[in-house]
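User: I would like a close look at a single part of this protein model. Please explain in one connected account how that part is held against its surroundings.

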Amino acid sequence: MSLTRTYIICGIVLLYIIRWGLLIFSSEKSISKLNLKTIRSLHIRENFQQIYDAATKSDIEKLLKKWYFWATHSRIEPIKQATYTIKNWDGVVNWFDSKIN
């Protein structure tokens, strides 16, 4: 086998590897842009967890109201049903003083 033929074969293989890598990269990149219910549910849950990082009780109340509105208007029924179970906001807000999990 000649040296030029080897270079051509290696070049073709390298081209396929690059194309495959770009295909994988582009498909991973586009997944986050899709409006999947699972991704939206994850964002809603993560934002609820961030409420506990608030600095004051008034911040917790403000963030909880925003989160509650977002979750109840999410068009994801399991999220809406779980959100409606949080009727006692005082318990969530009082966590700020006790920090009991």
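Analyst:
**Helix α4 and the salt bridges**

A salt bridge joins the side chains of Asp 97 and Lys 57, at 2.7 Å from N to O. This pair connects distant parts of the chain, since Asp 97 belongs to helix α5 and Lys 57 to helix α3, 40 residues apart. Asp 97 is exposed, because its relative accessible area is 55%, over the 50% cut-off. Lys 57, at 29%, is partly exposed. The model described here is a predicted one.

The structure holds 3 salt bridges, and one of them leads to the part examined here, helix α4. In that bridge the side chains of Glu 77 and Lys 80 meet at 3.5 Å, N to O. Both residues lie in helix α4, 3 residues apart, which is about one turn of the helix. An α-helix has 3.6 residues a turn, so residues three or four places apart point the same way. Glu 77 is partly exposed, with 44% relative accessibility, whereas Lys 80 is among the buried residues of α4.

The other buried residues to note in α4 are Ile 79 and Thr 83. Viewed down the axis of α4, the buried residues fall within an arc of 100°, so they line one face of the helix. The face turned away from this buried side carries the exposed residues Pro 78 and Gln 81.

What does the buried side of α4 pack against? Its buried residues pack against α2 and α3. Helix α4 comprises residues 77-84, and its axis lies 8 Å from that of α3, at an angle of about 140°. The two helices are therefore oblique to each other, because an angle counts as roughly antiparallel only over 145 degrees. On the α3 side of this contact are Trp 67, Tyr 68, Ala 71 and Thr 72, which meet Ile 79, Lys 80, Thr 83 and Tyr 84 of α4. By character, the residues of the contact comprise 5 nonpolar, 2 polar and 1 charged.

The remaining salt bridge can be set beside these. The side chains of Glu 46 and Arg 45 meet at 2.6 Å, N to O. Glu 46 is partly exposed, at 34% relative accessibility, and Arg 45 is also partly exposed, with a relative accessible area of 45%.

Helix α5, which contains Asp 97, also contains Val 92. Val 92 is buried, because its relative accessible area of 12% is under 20%. Leaving aside residues up to four places away in sequence, Val 92 touches Tyr 52, Leu 64 and Ile 86.

Definitions and conventions
Residues are numbered from 1 along each chain as its sequence is written. This is a predicted model: local features need pLDDT of at least 70, side-chain atom pairs count only at pLDDT 80 or more; totals for chains, interfaces and linings use all residues. Side-chain values use heavy atoms; hydrogens and water are left out. Axes are lines fitted to C-alpha atoms, for helices over the stretch in contact, and angles run from 0 to 180 degrees between N-to-C directions. Helices (H or I, at least four residues) and strands (E, at least two) are DSSP runs, numbered from the N terminus. Angles under 35 degrees count as roughly parallel, over 145 as roughly antiparallel, 65 to 115 as roughly perpendicular and the rest as oblique. Contact means heavy atoms within 4.5 Å. Ala, Val, Leu, Ile, Met, Phe, Trp, Tyr, Cys and Pro count as nonpolar, Asp, Glu, Lys and Arg as charged, and the others, Gly among them, as polar. Buried means under 20% relative accessible area, exposed over 50%, partly exposed in between (1.4 Å probe, protein chains only). The arc is that of the directions from the helix axis to the C-beta atoms. A salt bridge is a side-chain nitrogen of Lys or Arg within 4 Å of a carboxyl oxygen of Asp or Glu.
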